[in-house]
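Here are my notes for your review. Please read them with the coordinates open.

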Amino acid sequence: MFVKLEKKHIETIYEFLNNDFTDDTTYAAISILGWMAPFKPEVEITDKYAVIKFIDSNGIVGYLTPLVKDKKDFDAAIKQLYEYKASQIHGVLDWQIETLKKYGYEVKYSRNISEYLYDPKSLITLIGKKYHSKRNFINRFPKEYVWRPYDGSKEDKEEIYNMFCKWCHWRTGGDVKPCEDENWKKSPKMVEAGYDLESDVLEMMLEDCDTFSCMVDILEVDGEIAGFVGGEILPNNIGAIYFQKGDIQYRGIYPLIDNLFCKTHFDIPNLRYINKQEDMGIEGLRKSKESYNPVKLADRYIATQSFDGKEVKVSM
């Protein structure tokens, strides 16, 4: 039985995630409680699987591929989704494809939502020719700085959010004046880029880092926040980076805050990968993520099937 997804479900979901069956962030708390919030997520948890249902922008019911503690239970999960007439299953992994095909699903690769995976040691040490430019940017950073953890105070929240507002101003070409204009979040450029939702998710994370299991660090220059990074270590031993924003007037700020965050939080035993999430098909973002030399992608697929020639829809 599906029920509204709430914070209380995260601990159980993370128990299912406590294996190496997946390298992605599909079931990270910030993904399902934050990014999926507009899509009315519901969850069904049994002793064999956990699965999330949502309603997309077209009113079509979709499902995230089920989490299981044992791979042999995936068949039971898909059998149940088939009985629910699940026409769309998102975030499918390589090892799940054959089971889905057995139930008549067509499975297609989705490059734009596949996530970038990096070797932790490489991003921590930046050793080798392929990281030469990153080292140069860091060594030539033009200012003295302070790197410190977010303290949860009202002042830190406001300053981080103001930093994000400035970033939105730059990214929208200066047309949007965040934190000044009324309803700035819903301006066309903000909505088109998805920054309106990103703003909401950032606020959620800063308000409750414990539920989202997130660490947030701040770079200060001349007493002001010039950059920040937020991420977590998932139960499947993946270090994930969710937010990374910097003041572009400081050349090299992104390589610097990326390296500092990795050194601070990901220099631990048994960490399998650092995950920087997907590029959404955005050319500049793809180029940036590829410049850090990923070792591979956490490939994601979408499985679809038509039941009686019709997709399963709900009224909005």
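Which residues does Ile30 touch, not counting residues up to four places away in sequence? The points below start there. Keep in mind that this is a predicted model.

1. Ile30 contacts. Ile30 touches Trp35, Val201, Met205, Phe212, Cys214, Tyr242 and Phe243, with residues up to four places away in sequence left out of the list. Two of these partners, Tyr242 and Phe243, fall within the range of strand β12 (residues 238-246). Val201 and Met205 fall within helix α9 (residues 195-207).

2. The cores. The largest nonpolar core has 69 residues. Ile30, Ile32, Ile89, Leu100 and Tyr105 touch the most other members. Helix α7 gives the most to this core, with seven residues. Another core, of 25 residues, lies apart from it. Ile124, Tyr250, Phe261 and Phe266 are among the members of that second core.

3. The seven-stranded sheet. This sheet is open, and its pairing is mixed. The strand order is β9-β10-β11-β12-β13-β8-β14. β9 and β14 (296-298) are the edge strands, each pairing on one side only. From one strand to the next, the twist averages 30 degrees.

4. One pair in that sheet. Strands β12 and β13 (residues 273-275) run parallel and are joined by three bridges. Gly239 has Ile274 as its bridge partner in β13.

5. Helices on the sheet. Helix α9 packs on the sheet and touches β10 (215-221), β11 (224-233) and β12. The direction of α9 makes about 115 degrees with that of β12. Helix α10 (residues 253-265) lies across β9, β10, β11, β12 and β13. α10 runs at about 145 degrees to β12.

6. Strand β15 and its neighbours. Strand β6 (residues 88-92) pairs with β15 in the antiparallel sense, over four bridges. Here Val92 stands opposite Tyr301. Strand β7 (residues 106-109) also runs antiparallel to β15, again with four bridges. Lys108 has Ile302 as its bridge partner in β15.

7. The faces of β15. Which residues of β15 make up the covered face, and which the uncovered one? Tyr301 and Ala303 are on the covered face. Ile302 and Thr304 are on the uncovered face. In a regular strand, side chains alternate between the two faces of the sheet.

8. Ser153. This residue sits in the loop between β9 (146-149) and α7 (154-171). The side chains of Ser153 and Asp151 are joined by a polar contact of 2.6 Å. Ser153 and Tyr103 are 50 residues apart in sequence, and their C-alpha atoms are 51 Å apart in space.

Note on methods
Residues are numbered from 1 along each chain as its sequence is written. This is a predicted model: local features need pLDDT of at least 70, side-chain atom pairs count only at pLDDT 80 or more; totals for chains, interfaces and linings use all residues. Side-chain values use heavy atoms; hydrogens and water are left out. Helices (H or I, at least four residues) and strands (E, at least two) are DSSP runs, numbered from the N terminus. A polar contact is a pair of N or O atoms within 3.5 Å; within protein, one must be able to donate a hydrogen and the other to accept it, and residues adjacent in sequence count only if both atoms are side-chain atoms. A nonpolar core is a set of buried Ala, Val, Leu, Ile, Met, Phe, Trp, Tyr and Cys residues joined through side-chain atoms within 4.5 Å. Buried means under 20% relative accessible area, exposed over 50%, partly exposed in between (1.4 Å probe, protein chains only). Contact means heavy atoms within 4.5 Å. Two strands pair if DSSP finds at least two bridges between them. Axes are lines fitted to C-alpha atoms, for helices over the stretch in contact, and angles run from 0 to 180 degrees between N-to-C directions.
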